Amino acid sequence: MISVIIPVYNTEQYLRRCIDSILGSSCGDFEILLVNDGSTDNSSAICEEYSRQDSRIKVIHQENLGVSSARNHGLDHCQGEWVVFVDSDDFISRDFLSLIARETYQNQDLLLFDFAKFIAGRVSADYPIHTVSFSGDNMLQLIRRILVPRPLYASGSADFRSPCARAYKKSIIDHYSIRFSPSLAVGEDLLFNMEYQLKARSCVYTSVPVYFYDIHEGSATHGFRSGLIQNHARLQRQLKKLLEQCRMFPVLENEYYSYCLENLTYVLIWEVFSPSSPMPYRTKYRTCTRMRKNPIYKKAMKYNWKNGILPRKILVFFFRLNCWPITDLICRVSYMHLKGNDF
């Protein structure tokens, strides 16, 4: 059986489409766990309506504790051999669960598939199909891509950080007590995938688009966000601790610090120097000075010219030199460019 865990928070406009896409699956051996994370719109009533109509649907209500807590709540109650996560404003293809249920996949620890965009009622998915297996030392290829994403194929659209468009073995999650970190608002999915894939021994990647994420204003991930500085500092510490516990830090040191530099630029663009930031300039510069002294960032900046795209290298270069006005300018230009690519 496949357990489909759906965190739900104020998505009444899209929730029915999400649930209906699962109910319309060609594979019928599944359960749906709708974890209502304190929704204040009609989402809770929709969840209850569907649970009355289909015995495979269970509803769990909790106060608004965030997506990590909601997913963990689902993991605590699911019964399937495989676990799938779906966001309530997205939907899946008819054959997604059937692919997971294939007899030839049952000895695998992880199944990985592709994403596709859903823009204005149109699905953008027309790719050649590739299937490749990983085991043993080859699993390191996938682990590296969590920290430094790059496609396995030029046309592939797998997301190595997202918990969606993939299937996890429940037995591995339970054996190692793997859960999402409630202390993180950003990056909790990356940390979960890293911990899982460090334990998984095999994987099959099939470049079939099975997961459709909707491009709409409410789904945009880019914009001013407060609390990123503290969040990413916790994320980097937790990630390093995990890699050290698994004795993988020496192997992944370069990728780890590349990811830290990515986090640094993300914080600078979307919080410190965001046009929507309420911080006065003096506060922004003092914040940068404190970040500049962060031991992890200090070490990561020594890896700057080894990793990443040129714009990031230039931004980190001026940040390292304490050239805050130029850092500010680069961040504002990057912000406008990235916002323009959101939709």
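Is Thr 206 buried or exposed? Select Thr 206 and have a look around; keep in mind that you're viewing a predicted model. Thr 206 has 4% relative accessibility, so it counts as buried, the cut-off for that word being under 20%.

**Stop 1: around Thr 206**

Now add Tyr 105 to your selection. Its side chain and the side chain of Thr 206 make a polar contact at 3.2 Å. Tyr 105 isn't alone here: Thr 206 also touches Leu 112, Phe 113, Asp 114, Ile 129, His 130 and Thr 131, leaving aside residues up to four places away in sequence. Show those side chains as sticks and you'll see what surrounds this threonine.

**Stop 2: the strand it sits in**

Zoom out a bit and select residues 202-214. This is strand S10, the home of Thr 206. Of its 13 residues, 12 are buried, so S10 is largely enclosed by the rest of the structure. As you follow the strand along, here's a handy rule: in a regular strand, side chains alternate between the two faces of the sheet.

Next, pick out the partners of S10:

- Select residues 131-135, which make up strand S8; this strand runs antiparallel to S10, and 5 bridges join them. For a landmark, find Phe 134, which stands opposite Cys 203 in S10.
- Then select residues 91-92, strand S5, which pairs with S10 in the antiparallel sense over 2 bridges. Here Phe 91 stands opposite Phe 212 in S10.

**Stop 3: a pocket**

Time for some empty space. Which residues line the second largest pocket? Select Arg 179, Phe 180, Ser 181, Leu 191, Phe 192, Glu 195, Gln 238, Lys 241, Leu 242 and Gln 245. Two elements each give two or more residues to this lining: helix H7 (188-199) and helix H8 (228-245). H8 gives the most, with 4 residues. Colour the lining by class and you'll get 4 nonpolar, 3 polar and 3 charged residues. As for the space itself, the pocket has a volume of about 160 Å³.

**Stop 4: out to Glu 81**

Last, select Glu 81, in the loop between helix H3 (67-77) and strand S4 (82-85). Its relative accessible area is 53%, so Glu 81 is exposed; the bar for that is over 50%. What does Glu 81 touch? Not counting residues up to four places away in sequence, you'll find Met 1, Tyr 168, Lys 169 and Lys 170. To finish, draw a distance from Glu 81 to Lys 199: they are 118 residues apart in sequence and 17 Å apart in space, C-alpha to C-alpha.

Conventions:
Residues numbered from 1 in each chain as written. Predicted model: local features only at pLDDT ≥ 70, side-chain atom pairs only at ≥ 80, totals over all residues. Heavy atoms only, no water. 1 Å grid on protein atoms, 1.4 Å probe; cavity = no way out; pocket = protein on both sides within 12 Å on 5 of 7 lines; lining within 4 Å. Points joined across faces, edges and corners; volume = space filled by probe spheres on them. Nonpolar A, V, L, I, M, F, W, Y, C, P; charged D, E, K, R; others polar. Buried < 20%, exposed > 50% of the residue type's maximum accessible area, 1.4 Å probe, protein only. Polar contact = N/O pair within 3.5 Å; in protein donor to acceptor, adjacent residues only side chain to side chain. Contact = heavy atoms within 4.5 Å. Pairing = 2+ DSSP bridges.
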